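User: I have this complex open and want to go through how it is put together. Can you walk me through it?

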2 protein chains.
Amino acid sequence: MQRTYHHGKLKVAVIAAARDRLRTSADGEISLREVARGIGVSANAPYRHFPGKDGLTVALAAEGYRELTAIAERALLQRGSAVAALAAEYSRFWQEEPRLLGLVGSENFAGRDPESEVVLARDEWFAALVAIVEEEAGRLPAAEAYRRAAAIWALLQGVAQLRGFGGRGLLSESLLPDAAELARKAARGR
Amino acid sequence: MQRTYHHGKLKVAVIAAARDRLRTSADGEISLREVARGIGVSANAPYRHFPGKDGLTVALAAEGYRELTAIAERALLQRGSAVAALAAEYSRFWQEEPRLLGLVGSENFAGRDPESEVVLARDEWFAALVAIVEEEAGRLPAAEAYRRAAAIWALLQGVAQLRGFGGRGLLSESLLPDAAELARKAARGR
DNA sequence: GGTACAAGTTGCCGTTGTCAACATCAGGAC
DNA sequence: GTCCTGATGTTGACAACGGCAACTTGTACC
């Protein structure tokens, strides 16, 4: 790949590189400049594709949501409990990219446009989650299905965070609750 | 209060100011310099009390844990379900200082000294949580009590985060699960 | 009263996010 | 083929940041 003046696919390259930093860097901070440097492009090039650093993190969050949606859809196709499969995959995803999922959970979208990419991606993920609840519990009043889906998400995210503390002490791996089991109970409203 | 060369209580002042920024600032970022400026002290003064910016955020997390412990202990003294009281207070705390609790949940203490202030504070909070579980469910095997306590924490943190998304759509307030009810079930192992 | 040490200060450095102005390329109008 | 226009990258600059070093001021203890 020759160095041409125009990179061509900078947007996806930036997102991929940023995601990689998130995965590998020690402190989990991402620097726009460092990302650009890693791609071999000038510091300001990303500004042609993102309104700023915040824009990049929002894009990353959207990426995370899309991946979650894919995970949920895959879980539905599997034989056996979709909820349990989802829980297992959520945990695996967290282990691989904890900071990305942390971003997904913590990002504040309160003031954001409901039509924005990230909010749409979140809604799709949540819809997939609702489908999984109904697969486990049968048809439900919409409000109840939403509530159970939210409970499951809260559980998966919360347990994953706890697992993130890692290591010894009162929160060591063997003393953590079984996310799959808790999620199934939540799906059934128990 | 005259401006003297020696502030005297800079450490607590810095923590309080930083916590305040966390509560009030729009983006939730804290700058060591801005904090120092707000207190009326030079940019480098805080370095006499904290090893660096990370040190400050760790101190903030410890502060958060201590507050959680106090909440848990208060919940135990109340008449009625301690778990329910805890859930209510946790939610209130989140509404007031979402970023502080986000920090508590997301901070990565994996590599940290088990004797460090923040890990000790976390253990105290968790111990208080275990006491609440036993108040609700009676005496339990230690491992089981730990698991239920962890489940409750995960639920409270997860639901609070979801609530943080705020506003309309599939995750609007009225469609969120009742944290208190879920927590009680978790405490009873149901 | 003198002195060692803690607590604050100023000066400085490299890095970062972002703005403004300029350069380069690709593709359609003629 | 030529020209022009918009999208895409580049360079240069700026203020703010985190952090180091060296200096100054106050305090507490002998």
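User: Start with α5 of chain A. What covers its buried residues?
Analyst: The cover includes α1, α3 (53–77), α4 (82–96) and α7 (142–165) of chain A, together with α5 and α7 of chain B. Helices here are DSSP runs (H or I, at least four residues), strands are E runs of at least two, and both are numbered from the N terminus.

User: How many residues of that helix are buried?
Analyst: In α5 of chain A, residues 98–106, 7 of the 9 residues are buried. They are Pro98(A), Arg99(A), Leu100(A), Leu101(A), Gly102(A), Val104(A) and Gly105(A). Buried means 20 or more other C-beta atoms within 10 Å of the residue's own, exposed means 12 or fewer, and partly exposed is in between, with C-beta atoms placed from the backbone.

User: What should I know about the model and the numbering?
Analyst: This is a predicted model, where local features need pLDDT of at least 70, side-chain atom pairs count only at pLDDT 80 or more, and totals for chains, interfaces and linings use all residues. Residues are numbered from 1 along each chain as its sequence is written, while chains are lettered from A and ligands numbered from 1 in the order in which they are written.

User: What is the overall make-up of chain A?
Analyst: Chain A has 8 helices and 0 strands. Its C-alpha trace spans about 60 × 40 × 35 Å along the principal axes. Of its 190 residues, 42% are buried.

User: Why does Ala18(A) count as buried?
Analyst: Ala18(A) counts as buried because it has 26 C-beta neighbours inside 10 Å. The residue lies in helix α1 (residues 10–24) of chain A. Leaving aside neighbours within four places in sequence, Ala18(A) is in contact with Ile30(A), Val35(A), Leu56(A) and Leu60(A). Contact means C-beta atoms, placed from the backbone, within 7 Å.

User: Now the dimer. How many residues does each chain put into the contact?
Analyst: Chain B gives 35 residues and chain A gives 35 residues. On the side of chain B that touches chain A, α5 (98–106), α6 (117–137) and α7 (142–165) each supply at least two residues. The most comes from α7(B), with 15 residues. By class, that side of chain B has 20 nonpolar, 11 polar and 4 charged residues. Nonpolar covers Ala, Val, Leu, Ile, Met, Phe, Trp, Tyr, Cys and Pro; charged covers Asp, Glu, Lys and Arg; the others, Gly among them, are polar.

User: What rotation superposes chain B on chain A?
Analyst: A rotation of 180° with 0.0 Å of shift along its axis does it, at RMSD 0.0 Å. That is the relation of a two-fold axis. The same surface serves both copies, and 100% of the contact residues of chain B recur in chain A. The superposition is by least squares on C-alpha atoms of residues with pLDDT of at least 70 in both copies.

User: And the DNA? Which residues come nearest to strand C?
Analyst: Leu32(A), Gly52(A), Lys53(A), His7(B) and Ser42(B), out of 21 residues around DNA strand C. A residue is near a strand if its C-beta atom, placed from the backbone, lies within 6 Å of it. Helix α2 (residues 32–39) of chain A gives the most to that surface, with 3 residues.

User: What about strand D, which residues are closest?
Analyst: For DNA strand D they are His7(A), Ser42(A), Leu32(B), Gly52(B) and Lys53(B). The surface near DNA strand D has 8 nonpolar, 9 polar and 4 charged residues.

Technical notes:
Two residues are in contact if their C-beta atoms, placed from the backbone, lie within 7 Å.
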